[in-house]
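Here's a quick look at how two chains sit together and at where some of the charged side chains pair up. Have a look at the model first.

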2 protein chains.
Amino acid sequence: MILYDDPISGNGYKVRLAMAQLGVDCELIEVDILKGETRTPKFLRLNPNGKIPTLLLDDGRALSESNAILYYLASGSPLWPDDLYGQADVLRWMNFEQYSHEPYVAVARFMLHQPDPPDPAVLAEKQERGYAALDVMDGHLKSHEFFAAGRYSIADIALYAYTHVADEGGFDLGKYDAVNRWLESVRGRPGYVPMAPAD
Amino acid sequence: MILYDDPISGNGYKVRLAMAQLGVDCELIEVDILKGETRTPKFLRLNPNGKIPTLLLDDGRALSESNAILYYLASGSPLWPDDLYGQADVLRWMNFEQYSHEPYVAVARFMLHQPDPPDPAVLAEKQERGYAALDVMDGHLKSHEFFAAGRYSIADIALYAYTHVADEGGFDLGKYDAVNRWLESVRGRPGYVPMAPAD
């Protein structure tokens, strides 16, 4: 398989972390989002929505959207529960991540990584809604070791990716004791790899 | 089961449409988003993220996020493919809907339903990105009858909900021949129900 990915992407990191923990081997092709390399005709044939990560299977079929790729990789493994409610609850937290967390926590980080300073009002709104997502996570983790099904799953991988670098988006995680305990727990999982290689 | 829902919500309609097509019986409790009824302590115990639709199972467990509820209802039915790639591709389009479509197509509609006129620049940005999502859909549907796995699935239900009322968000669907053919096809499916009862 070939994973089209940009090392700065937390969405791509979700897939890289799951692959490392599942022992899945994959060729990596770097695509530079900021240089427009996801908008070329060649890339748009792989993913007409022009986003990484995109996975190209050995049979030539492509798969995009980080959460869909996580499902494809994890189905049948310990990262995906056996029972229907547990599976749906994993998807519940992965949808929470894509709708209520990533557009704020990840986008604030992205804004602060641009050469020009961000619009303060826009950044403030992203941070306010990002904190709302962190509040929900901390509340849940006060009484749950992991997000869904009583086990470490692709829901934890999906939420870990941008939460563990939330400080780069201006978020102070200091008051989130349960989130910090969980972040430490994820970092200690077998097969853990960091977001970007120290190069 | 009890479905907590607001009749104006396309996310809730996804669940209502799937239930109708699957023959699932469910009590409906209306929750008024605009009156803050998703932010009460009682509702937040069901869904700490304070959003409908939320499904309460007979055993007292709750499930939120429309796409997760769709998975829970459709697993094992004809609305969910049997093969792993087909399943992942359904999730791919459902994630596309939540990340690249709903925040623009649905939010533009929401903005135009408020008593105060929307900020023109904000509305224009929502519409621009909403059209980008519609472009991707139309391109795909030019060569595919349905979104994933060569069959009608919960991916179609998820994308139908806000696309078929996109005109209420100021979108002109006139040029999207493939989308219009697909909308007509969904409307003709057995068990189809409209978004809101004519009352």
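What follows covers the symmetry, the interface, some salt bridges and one surface patch.

Keep in mind that this is a predicted model.

**Symmetry and interface**

Let's start with how the copies relate. Turn chain A by 180° with 0.0 Å of shift along the axis and you land on chain B, with an RMSD of 0.0 Å. That is the relation of a two-fold axis. In chain A, the C-alpha nearest this axis belongs to A:Y99, at 3.1 Å from it.

Now for the contact itself. Chain A puts in 31 residues and chain B puts in 31 residues. Of the interface residues of chain A, 100% are also interface residues in chain B, so the copies meet through the same surface. An interface's size is often quoted as the accessible area lost when the parts come together. Here, chain A and chain B bury about 3,000 Å² between them, and 62% of that is on carbon and sulfur atoms.

How many salt bridges does the rule find across the interface of chain A and chain B? Zero. Over all chains, though, the structure holds 22 salt bridges.

**Some salt bridges**

Three of the pairs are set out here, with the N to O distance and the relative accessibility of each partner.

| Pair | N to O distance | Relative accessibility |
|---|---|---|
| A:D59 and A:R61 | 3.0 Å | A:D59 49%, A:R61 38% |
| B:K35 and B:D32 | 3.9 Å | B:K35 66%, B:D32 25% |
| B:D138 and B:K142 | 3.0 Å | B:D138 4%, B:K142 62% |

Is B:D138 buried or exposed? B:D138 counts as buried because its relative accessibility is 4%, and buried means under 20%. Its partner B:K142 counts as exposed at 62%. Over in chain A, salt bridges that share partners join A:E125, A:K126 and A:R129 into one network.

The other two pairs read like this. A:D59 is partly exposed at 49%, and A:R61 is partly exposed at 38%. B:K35 is exposed, whereas B:D32 is partly exposed.

**A nonpolar patch**

Which residues make the nonpolar surface patch of about 350 Å²? They are A:I8, A:I33, A:L34 and A:F110. One of them, A:I33, lies in the loop between β2 (27–30) and α2 (41–46) of chain A. A:I33 counts as partly exposed because its relative accessibility is 33%. Residues in a patch need over 30% relative accessible area, and A:I33 has 33%.

Terms used. Residues numbered from 1 in each chain as written. Chains lettered and ligands numbered in written order. Predicted model: local features only at pLDDT ≥ 70, side-chain atom pairs only at ≥ 80, totals over all residues. Heavy atoms only, no water. Patch = residues over 30% accessible without salt bridge, like charges linked within 9 Å, V, L, I, M, F, W, Y side chains within 5 Å. Areas by Shrake-Rupley, 256 points an atom, 1.4 Å probe, with all protein chains shown as cover. Salt bridge = Lys/Arg side-chain N within 4 Å of Asp/Glu carboxyl O. Helix = DSSP H or I, 4+ residues; strand = E, 2+ residues; numbered from the N terminus. Buried < 20%, exposed > 50% of the residue type's maximum accessible area, 1.4 Å probe, protein only. Least-squares fit on C-alpha atoms with pLDDT ≥ 70 in both. Contact = heavy atoms within 4.5 Å. Buried area = accessible area lost by both parts, 1.4 Å probe.
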